[in-house]
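Me: I would like to go through this model one question at a time. Please keep each reply short and show the reasoning.

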Amino acid sequence: MSVFQATTSAPVNIACIKYWGKRDTKLILPTNSSLSVTLDQDHLRSTTTSRADPSFTKDTLWLNGTEEIIKDGGRMATCIAELKSLRKELVEAKEPNAPKLSTFPVHISSFNNFPTAAGLASSASGFAALVSSLAKLYELPCTPSQLSLIARQGSGSACRSLFGGYVAWEMGTLPDGSDSYAVEIAPQSHWPDMHALICVVSDDKKGTSSTSGMQRTVETSPLLQHRIKHVVPERMAAISKAILARDFDAFAKITMADSNQFHAVALDTEPPIFYMNDVSKAIIALVVEYNRVAVETTGKLKAAYTYDAGPNAVIYTPKENVKEIVQMIVKYFPQKDAFKDVFGLFGTESVQGAVIKGFNEAVAKPFEVGAVKGLIHTRVGDGPRILSAEESLLGPDGLPKTLA
């Protein structure tokens with residue numbers, strides 16, 4: 001008996017130009033275009049195994065070993081149905097001998113190696129891994145941009161995780177969403193020096209979910225309308241140009257300005273939404289001061305903060321600056337656990353808190369251990385990966401290995 005199965009992993013992406021607001025909530029069509037950096041799957045990823053089998057009774061999904069309900073008409077069901085439809089149309093209708101996998105129920109097991117719903121983009125990597133896995137299982141002759149049309153209907157930002165490197169989600173204008181998809185601005189290899197330090201401020205679930213928050217903003221924020229019409233189109237063009245030129249100074253200015261405006265739009269919502277906390281704001285103050293010294297000494301910015309819908313900070317920087325930034329963060333936010341030095345920045349020495357010469361230490365007060373719960377050092381990475389059968393998350397009986 002043949003086993004029809006595929007396992008893939010997909011990356012997290014962190015936006016520099018933020019997606020916030022939908023013009024169509026069912027199709028997940030955004031009110032503006034957005035742009036992100038794909039992060040390295042060696043550090044942050046979702047892995048998904050899909051198996052089709054006529055003996056299965058229904059489509060079933062397990063996330064981190066726990067069965068999740070697939071709601072009729074929900075996002076998950078929509079993605080699965082769209083991919084089954086493509087299998088039938090593009091493969092089975094053209095190849096009479098192709099197994100009728102579109103008629104078989106699927107078992108899907110997915111695992112995130114980081115906290116789910118904690119302000120790290122787990123839904124993006126999760127839906128990208130789901131779509132990649134089913135596309136491989138069904139042997140679909142589709143490009144990443146074509147698959148991004150389906151991933152977008154699971155989670156908007158998931159469409160950007162279908163590519164590595166630097167990725168734009170073009171908002172599109174058509175009501176059916178057929179022109180709202182992801183495109184690669186530049187591959188990872190174009191600017192591999194881009195690193196990211198993620199400061200995990202909270203690993204609890206956030207108070208206002210992105211889905212409900214952004215629609216309140218669309219309905220009540222005058223500032224969002226200005227952002228959509230005037231600000232984002234200019235920034236999308238400018239940051240794309242900066243990436244192609246590998247101009248970190250311009251990239252940093254735009255990234256920080258857009259993060260600031262996204263949180264201003266959240267504040268402009270009725271009632272107001274607060275995603276950043278005192279720790280988040282202190283990290284901004286440190287990066288601003290670090291950059292002030294950098295501009296005085298080199299004429300250019302050396303770091304860029306950005307915050308999604310939560311308090312976690314992501315600091316983009318060229319690799320040569322990461323060590324200084326880690327030392328600065330550790331000085332103000334002492335760590336309970338040792339820093340995972342995946343790139344060997346510190347060699348055998350332990351990480352000591354320190355600031356660069358000329359830094360005004362009074363810009364923030366030191367916090368207690370645990371204010372920043374952890375630091376993740378990563379870098380720009382590649383798109384979805386096809387994994388071997390040995391890496392399957394499903395056992396021979398079609399159940400998750402952790403449960404089998």
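The questions below go through the cores, sheets, helices and single residues of this predicted model.

Me: Which helix gives the most residues to the largest nonpolar core?
Reply: The largest nonpolar core holds 68 residues. Phe-251, Ile-283, Tyr-316, Ile-329 and Phe-333 have the most contacts inside it. The helix that gives the most to this core, with eight residues, is α7 (residues 278-298).

Me: How many residues does the other core have?
Reply: This core lies apart from the largest one. Ala-6, Tyr-19, Ile-80 and Tyr-138 are among its members. Its count is 49 residues.

Me: Leaving aside neighbours within four places in sequence, which residues does Phe-333 contact?
Reply: Phe-333 is among the residues with the most contacts inside the largest nonpolar core. Neighbours within four places in sequence are left aside here. The contacts are then Val-279, Ala-282, Ile-283, Leu-286, Phe-367, Ala-371 and Val-372.

Me: Which strands stand at the edges of the open sheet β2-β5-β10-β11?
Reply: The four strands of this sheet pair in the antiparallel sense. An edge strand here has a single partner, so one of its sides is left without a neighbour in the sheet. The edge strands are β2 (13-17) and β11 (182-186).

Me: What is the average twist from one strand to the next in the sheet β2-β5-β10-β11?
Reply: The sheet is open, and its strand order is β2-β5-β10-β11. From one strand to the next, the twist averages 35°.

Me: Which helix packs on that sheet, touching β2 and β5?
Reply: The direction of this helix makes about 95° with that of β2. The helix is α6 (residues 248-267).

Me: What is the bridge partner of Tyr-166 in β11?
Reply: β10 and β11 run antiparallel and are joined by four bridges. β10 also pairs with β5 (residues 34-38) over four bridges, where Tyr-166 is the partner of Val-37. In β11, the partner of Tyr-166 is Ala-186.

Me: Which residues of β10 are buried on the side away from Tyr-166 and Ala-168?
Reply: Side chains in a regular strand alternate between the two faces of the sheet. Both faces of β10 are covered. Tyr-166 and Ala-168 are buried on one side, and on the other are Val-167 and Trp-169.

Me: Is Asn-112 buried or exposed?
Reply: Asn-112 sits in strand β9 (residues 106-112). Beyond four places in sequence, Asn-112 touches Arg-45, Ser-46, Leu-63, Asn-64 and Ser-122. The relative accessible area of Asn-112 is 5%. The cut-off for burial is under 20%, so Asn-112 is buried.

Me: How many of the eleven residues of helix α3 are buried?
Reply: Helix α3 spans residues 144-154 and is largely enclosed by the rest of the structure. Its buried residues include Leu-147, Ile-150 and Arg-152. They pack against β4 (29-30), α1 (75-92), α2 (122-137), β10 and β11. The number buried is eight.

Me: Are α1 and α2 roughly parallel or roughly antiparallel to each other?
Reply: The two axes come within 10 Å and cross at roughly 25°. The contact involves Arg-75, Met-76, Cys-79, Ile-80 and Leu-83 of α1, and Phe-127, Leu-130, Val-131 and Leu-134 of α2. Angles under 35 degrees count as roughly parallel. The two helices are therefore roughly parallel.

Me: What is the relative accessible area of Glu-320?
Reply: Glu-320 lies in the loop between β14 (313-318) and α8 (322-332). Exposed means over 50%. Glu-320 is exposed, at 69%.

Me: What covers the buried residues of α8?
Reply: Eight of the eleven residues of α8 are buried. Among them are Val-322, Ile-325 and Tyr-332. The covering elements include β12 (194-200), α7, β14 and β15 (374-379).

Me: What is the bridge partner of Leu-197 in β15?
Reply: β15 belongs to the open antiparallel sheet β13-β14-β12-β15. β15 stands at an edge with a single partner strand. Six bridges join β12 to β15. In β15, the partner of Leu-197 is His-377.

Terms used: Residues are numbered from 1 along each chain as its sequence is written. This is a predicted model: local features need pLDDT of at least 70, side-chain atom pairs count only at pLDDT 80 or more; totals for chains, interfaces and linings use all residues. Side-chain values use heavy atoms; hydrogens and water are left out. A nonpolar core is a set of buried Ala, Val, Leu, Ile, Met, Phe, Trp, Tyr and Cys residues joined through side-chain atoms within 4.5 Å. Buried means under 20% relative accessible area, exposed over 50%, partly exposed in between (1.4 Å probe, protein chains only). Contact means heavy atoms within 4.5 Å. Two strands pair if DSSP finds at least two bridges between them. Axes are lines fitted to C-alpha atoms, for helices over the stretch in contact, and angles run from 0 to 180 degrees between N-to-C directions. Angles under 35 degrees count as roughly parallel, over 145 as roughly antiparallel, 65 to 115 as roughly perpendicular and the rest as oblique.
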